[in-house]
Each structure stands twice: as C-alpha cells, then as structure tokens.
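Trainee: Could you take me through a close look at one part of this model, the sheet, and then go on from there to the metal sites and the loop beside them?

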Amino acid sequence: MNRQRCFVLAVIAASLVGWTTSSHAATLVSDMWSDGTRTDPASPVYSEMGVDSDSDGNLESAWFGNNVTSGVPSLTVPSAGTLRGAVATSSVSWTTYFTPEGSEVNLANNGDSLRITWDFTPTGVNSSNTSQNFRIALVDTPSGARLTSDNAPGSAAYAGYALFLNVGQTTGRSTPFQLLERTVANSDLLSTSANWGNAVNAAGFGNGAVGYVDGQAYELVMTLTRNGSSLDIAATMTGGNINSTGNVSVSTTDASPSSFIFDTFSLRPSNASTTASQFDTSRFKVEFTTVPEIGSLWLMGLGVAASLAYWRRR
Ligand SMILES: [Ca+2]
Ligand SMILES: [Ca+2]
Ligand SMILES: [Ca+2]
C-alpha cells in the first residue's frame with residue numbers, strides 16, 4: 001500500500017472515530033435539594049439547565065405542588081436532601097420544568113436522546129387496589145401555560161407521554177405499568193384518563209404481582225430517543241423485589257410522535273388510599289444527548305475529499 005493510500009485511509013478512519021464520539025451528553029438537571037429549597041430558580045428561569053449558577057453543587061429546577069389540605073403545601077423540603085410529597089384524600093400534583101420556556105429539549109436529530117431519572121421512596125403504600133392512580137407526565141407545556149407559583153397544572157395543549165401506574169404492595173389489575181401518548185390537545189394534564197391513548201403495557205407484569213414496599217428506594221428511568229421520524233420510548237422501574245425481579249420495563253416505538261420537544265415532568269397521585277401517603281424524592285435528573293446532524297457528515301466528507309485533492313497535487 002502506498003503512502004498516499006495509507007494517509008487517505010487514516011483520514012477516513014479518523015473522521016469516522018470523530019463522528020462516532022462527537023455526540024454530546026449534557027446533564028441539564030441533577031437536584032438533591034442540598035440547599036433545602038425546591039422553588040429555585042423561580043419563574044421565568046425555572047431551571048439551571050446544566051450550569052450551577054448558585055454554586056450549591058446541584059443543577060436545580062423549580063418544583064410546584066398544590067395543597068394537600070387547605071393551606072398546607074403537598075410538596076416540601078423537610079430537610080436538605082429530601083423533596084417530600086404528601087398525599088391525603090384528594091389528588092396532588094408535583095410539577096417541574098427542566099428548561100426555561102423557549103429552550104426546550106428538542107430531539108431534532110436522529111439519535112438525540114432525553115433521559116429522566118426519578119429516585120424516590122414511598123411510605124404508607126396501600127395493600128392493593130384496582131386503579132391507575134399514580135400518573136406521571138413527560139410533556140411539553142405550551143408557552144403561557146406554565147405554573148409560576150404552587151398549584152396543580154391547568155388545562156393546556158400539552159404534548160408527549162405519560163405513565164399510568166397501579167401502586168400497591170400487590171398489583172391489583174392486569175395493566176399496572178402502562179405507557180400512553182397524549183391524544184387530546186387542550187385539556188387537563190393527568191386527571192382525565194381519556195386524554196391519553198395508544199397504551200402499551202409492561203410485558204410480564206400483571207395482576208397479583210409484587211408491587212411497592214414501604215421505605216424501599218425505587219428508581220424510574222424514562223428515555224426518549226429519536227429514531228428517524230419515530231420516537232423510541234422506554235420506561236423502567238427498579239427497586240426492591242418489584243415484579244419478583246426488582247425490575248419492570250415498558251417500551252415502544254411511536255411512528256407518529258405527538259412531540260419531539262419536552263420541558264415538563266409532573267407526578268399526580270389521586271389519593272393516599274390507592275397510592276401511598278408520602279413520596280420522598282432523593283434525586284431528580286435530566287440528561288440530554290445530542291448527535292451531529294447529517295450536514296456534519298457532509299462537511300466531514302468534504303474534509304476527506306480536500307485531503308485527497310491536496311495529496312494528489314503533491
Ligand atoms: Ca433548591
Ligand atoms: Ca444550583
Ligand atoms: Ca414549552
């Protein structure tokens with residue numbers, strides 16, 4: 001092999017290595033409430049979005065909760081390190097916006113991925129029930145519809161996905177871990193189940209299975225990955241002996257996604273008797289991985305061609 005051919009092959013190999021390693025992973029939020037507060041950064045910033053602006057060691061996003069009983073917030077930080085959600089006889093909503101409005105996570109390019117990690121410990125888990133009364137939304141909230149102070153989110157044209165969970169020590173229905181897509185535009189976020197459709201269920205996790213245990217730490221990971229014009233969606237719950245394995249997963253590929261942009265994570269237990277009386281969160285994390293668009297590959301191709309031409313001239 002002559003010197004020129006060696007050089008060309010080296011350039012092509014280097015370009016390919018450069019391409020495959022040039023995806024960029026960023027942690028937008030990783031909050032453990034080390035500062036003892038849940039309301040910073042306040043509206044209209046909402047999220048530190050990868051920059052620890054207040055130098056407290058956490059990448060924070062503000063959380064909003066409505067009252068658990070009259071005059072008593074459902075969401076508190078009782079001590080540094082814990083975001084506590086209290087549930088009684090009515091529904092409560094706990095919502096955070098992990099980017100400023102207008103700077104949403106945009107899964108614009110093939111392979112772009114959003115990963116949400118929620119680490120929590122329930123207490124006062126009911127023994128068993130037939131409902132899907134613990135609901136989780138990962139959506140885009142349209143401009144102008146964000147909360148600016150403690151409350152439950154209002155009606156708006158949300159777009160994205162939800163998990164409807166049956167929470168009990170033993171599962172009480174055949175579909176205890178269900179992934180859904182927003183199918184109605186302007187309505188409440190999580191209270192009306194008819195706003196969500198295209199249900200996919202966790203295989204192998206049905207009625208009478210091992211559910212959630214008081215005082216046990218669980219981790220929910222949700223990932224959304226762009227796959228051409230589709231979206232690969234996965235959700236996994238790990239912890240304890242859930243499903244007799246310590247692990248439950250659901251995944252699907254949505255060929256007609258309701259959204260490629262996301263800024264909102266929201267939790268909604270309907271009441272304590274069909275979920276749990278308390279949910280302590282130890283960490284909430286949002287990661288965004290971007291890969292270069294096809295245009296970058298063309299530029300790299302041009303670089304290879306230019307190198308070739310240079311060596312031909314010599
Ligand atoms: Ca804080
Ligand atoms: Ca911070
Ligand atoms: Ca938005």
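In which sense, parallel or antiparallel, do strand E13 (residues 177–182) and E15 pair, and over how many bridges?

Mentor: Happy to. A word on the ground rules: this is a predicted model, in which local features need pLDDT of at least 70 and side-chain atom pairs count only at pLDDT 80 or more, while totals for chains, interfaces and linings use all residues. Residues are numbered from 1 along each chain as its sequence is written, chains are lettered from A and ligands numbered from 1 in the order in which they are written, and side-chain values use heavy atoms, with hydrogens and water left out.

Now to your pair. E13 and E15 run antiparallel to each other and share four bridges; two strands pair if DSSP finds at least two bridges between them. Strands are DSSP runs of E, at least two residues long, numbered from the N terminus. Across this pairing, Glu181 faces Gly197 in E15.

The pair belongs to an open sheet of seven strands, ordered E2-E7-E20-E10-E12-E13-E15 with antiparallel pairing. E2 (63–65) and E15 (196–201) form the edges; each has a single partner strand, so one side of each lacks a neighbour in the sheet. On average, neighbouring strands here are turned by 20° against each other, direction ignored; the axes are lines fitted to C-alpha atoms, and angles run from 0 to 180 degrees between N-to-C directions.

Strands E7 and E20 lead us to a metal. The calcium ion (ligand 3) has as protein donors Glu101 (OE), Glu101 (OE), Glu104 (OE), Asp140 (OD), Thr141 (O) and Asp263 (OD), at 2.2 to 2.7 Å. Glu101 in the loop between E7 (94–97) and E8 (105–106) and Asp263 in the loop between E19 (261–262) and E20 (264–269) are 162 residues apart, linking distant parts of the chain. Donors are N, O and S atoms within 2.8 Å of the metal (3.2 Å for Na, K and Ca), and since water is not among the atoms, sites may look incomplete. Asp263 is buried at 0% relative accessibility, whereas Glu101 is partly exposed at 29% (buried is under 20% relative accessible area, exposed over 50%, partly exposed in between, with a 1.4 Å probe and protein chains only). The six donor atoms subtend angles of 49 to 166°, so the arrangement is irregular. Four donors are tetrahedral if all angles lie between 85 and 135 degrees; four are square planar and six octahedral if opposite donors are over 155 degrees apart and all others between 65 and 115; anything else is irregular.

The calcium ion (ligand 1) is likewise irregular, with angles of 51 to 169° among six donor atoms. Its donors are Asp35 (OD), Asp35 (OD), Thr37 (O), Thr37 (OG1), Asp40 (OD) and Glu60 (OE), at 2.3 to 2.8 Å. Thr37 is partly exposed at 30%.

Asp40 also starts a cis peptide bond to Pro41, with omega near -5°. Pro41 is in the loop between E1 (24–31) and E2, and Pro44 is found in the loop between E1 and E2 too. The bond from Ser43 to Pro44 is cis, with omega near 10°. Tyr46 in that loop has a positive phi, near 70°, and is buried at 4%. Met49 has a positive phi near 50° and is partly exposed at 27%. For context, most residues other than glycine have a negative phi, and most peptide bonds are trans.
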